[in-house]
Amino acid sequence: MEPDGFVDACAVTDIPEKRARIVCLSGERVAVFKYDSKISAVSNVCQHQNGPLGEGKILDGCITCPWHGYQYVPETGASPPPFVEKVPTFNVRVKNGRVFVHPKPNPPGTRAEPALIEPDLHSSRREEALSSASKE
């Protein structure tokens, strides 16, 4: 645990793109999603029929419940209009390739700033080297 209460949840590489890793924090299951070079975390429980949001995926920019297709915006936990369902969000950060989540949930529908995934310097250098080699 970090001094400010954030908990090391997993490695960024443990989360498939547009999918989630489910972690248990303070007795609550939290779905940590990776998408578009960002990380967001929401309650794992869909407001429709308690479906497992973390087993769903991000479709059209929204977390989509695998049971009935209910959707939530990852940053706010709110369903897109005209729907009104909301799930709690969690504050997140990424440091040294690890995802840290604060275990205290925000009220349902509260915006939590997504954490930006740090670029992998090794792969960036490798891509630059390959690009330079192909130009020669």
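These are notes on a predicted model, covering confidence, cysteines and isoleucine 117.

1. **Confidence.** The protein has a mean pLDDT of 89. Of its residues, 87% reach 70 or more. Residues 121–131 are another matter: pLDDT there is below 50. Beyond near neighbours in sequence, that stretch makes zero contacts in the model. Read the 121–131 region with that score in mind.

2. **Disulfides.** Zero turn up in a search of the whole structure. Cysteine 65 is in no disulfide. The nearest cysteine sulfur to cysteine 65 belongs to cysteine 46, and it sits 3.9 Å away. A disulfide needs the two sulfur atoms within 2.5 Å, so this pair does not count as one.

3. **Cysteine burial.** Are cysteines 62 and 65 buried or exposed? Cysteine 62 is buried, at 8% relative accessible area. Cysteine 65 is buried too, with 4% relative accessibility. Both get that label because the cut-off for buried is under 20%.

4. **Where isoleucine 117 sits.** This residue is in a loop. Strand β11 (115–116) comes before the loop, and α1 (121–135) follows. Isoleucine 117 is partly exposed, at 24% relative accessibility. It misses the buried label because that requires a value under 20%.

5. **What isoleucine 117 meets.** Which residues does isoleucine 117 touch, leaving aside those up to four places away in sequence? They are Val12, Lys34, Ser37, Lys38 and Ile39. Take lysine 38: it is 79 residues from isoleucine 117 along the chain. Even so, the C-alpha atoms of the two are separated by 5.5 Å.

Note on methods. Residues are numbered from 1 along each chain as its sequence is written. This is a predicted model: local features need pLDDT of at least 70, side-chain atom pairs count only at pLDDT 80 or more; totals for chains, interfaces and linings use all residues. Side-chain values use heavy atoms; hydrogens and water are left out. Buried means under 20% relative accessible area, exposed over 50%, partly exposed in between (1.4 Å probe, protein chains only). Helices (H or I, at least four residues) and strands (E, at least two) are DSSP runs, numbered from the N terminus. Contact means heavy atoms within 4.5 Å. pLDDT is the predictor's confidence in each residue, from 0 to 100.
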